[in-house]
There are 2 protein chains.
Amino acid sequence: MRIGDAAAAAGTTPRALRFYEANGLLPPPRRSGTGQRVYGARDVARLRVIRRLLSLGLTVADLRDCADRLDLVESEDLPGYGEPGACANPGGVAARRVATMNAEIDRLTELRDRLAAHLAGPGRGGG
Amino acid sequence: MRIGDAAAAAGTTPRALRFYEANGLLPPPRRSGTGQRVYGARDVARLRVIRRLLSLGLTVADLRDCADRLDLVESEDLPGYGEPGACANPGGVAARRVATMNAEIDRLTELRDRLAAHLAGPGRGGG
DNA sequence: CTTGCCTTTGACGCGCGGGTCAGGGTCTAC
DNA sequence: GTAGACCCTGACCCGCGCGTCAAAGGCAAG
């Protein structure tokens, strides 16, 4: 299975696969005699995990931090899969990401409130 | 008054002033015989308005969209200052920015909720 | 004049998740 | 053998708000 097929099977693009590989989310696959990347079903399963976690707001850096543990959840048949924290919380990266997102939400909310207050009357309320 | 003094008076840097000028937030100032930018008190007042609106979450593009109306509020002594919408809402840019920020807050909140749910148990709730 | 800070323009860096282009080589069907 | 789709690496591009570096010239004080 070449890169285009693997990408399509995981719902993404060849460019993304090379990007994940360059950033340590995907292990370098074996190559054909002419240098083309060759993937297997396990790679596709891992890719799907990566895509899901990215879509949940984890960053590439987050996933790189626990890339070794992504192996443990690359098959949905593994006994550990589905347990709390087994997938999204290897090493606490997901919990830290939730905290980061909360901080960002708070910051944005405060900014929005102040801007809205300014809209209502800039010179009177606060400043 | 040269660029460094104007920048210091407004609590920012020469680099920022050139950036604002290049992006249409500040009108091109007059130049000394040798090409150096020369600013006046009005420029500093306008700079302060720009800095305040940026700190409230408006973007450079927002301010460029109403750069002409920034003139109207560059002095706090002007009668219009302090009226609702006079400063932060020229043309509705601030209102649109609030809407954008709300959308961003909603998006982040939903992402965070889903990631938190994933943390609690990825394969069970809604997988 | 020299010293030393200030100014000028131009260009790159950053953090993120890839998209897109450029100029090749490879594979497959006919 | 040839057309067309695919793959390779390397490099630039996006938005944002400047920071930082580079080379060169200006300005005030001694």
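Is B:Glu104 buried, exposed or partly exposed, and what is its relative accessible area? B:Glu104 has a relative accessible area of 29% and is partly exposed, a class that lies between buried (under 20%) and exposed (over 50%), with a 1.4 Å probe and protein chains only.

## Basis of the model

This is a predicted model, in which local features need pLDDT of at least 70, side-chain atom pairs count only at pLDDT 80 or more, and totals for chains, interfaces and linings use all residues. Residues are numbered from 1 along each chain as its sequence is written, chains are lettered from A and ligands numbered from 1 in the order in which they are written, and side-chain values use heavy atoms, with hydrogens and water left out.

## Salt bridges

The side chains of B:Glu104 and B:Arg107 form a salt bridge with an N to O distance of 3.0 Å; the term stands for a side-chain nitrogen of Lys or Arg within 4 Å of a carboxyl oxygen of Asp or Glu. B:Arg107 is partly exposed as well, at 44%. In chain A, the side chains of A:Glu104 and A:Arg107 also meet in a salt bridge, at 3.0 Å, while A:Asp113 and A:Arg112 do so at 2.9 Å. Over all chains the count is eight salt bridges.

## Surface near DNA strand C

Around DNA strand C there are 21 residues, where near means that a heavy atom of the residue lies within 4 Å of the strand. Sugar and phosphate make up 78% of the strand's atoms that come within 4 Å of the protein. A side-chain N or O atom of A:Thr13 is 3.0 Å from a phosphate oxygen of DNA strand C, and for A:Tyr20 that distance is 3.0 Å.

Key:
Polar contact = N/O pair within 3.5 Å; in protein donor to acceptor, adjacent residues only side chain to side chain.
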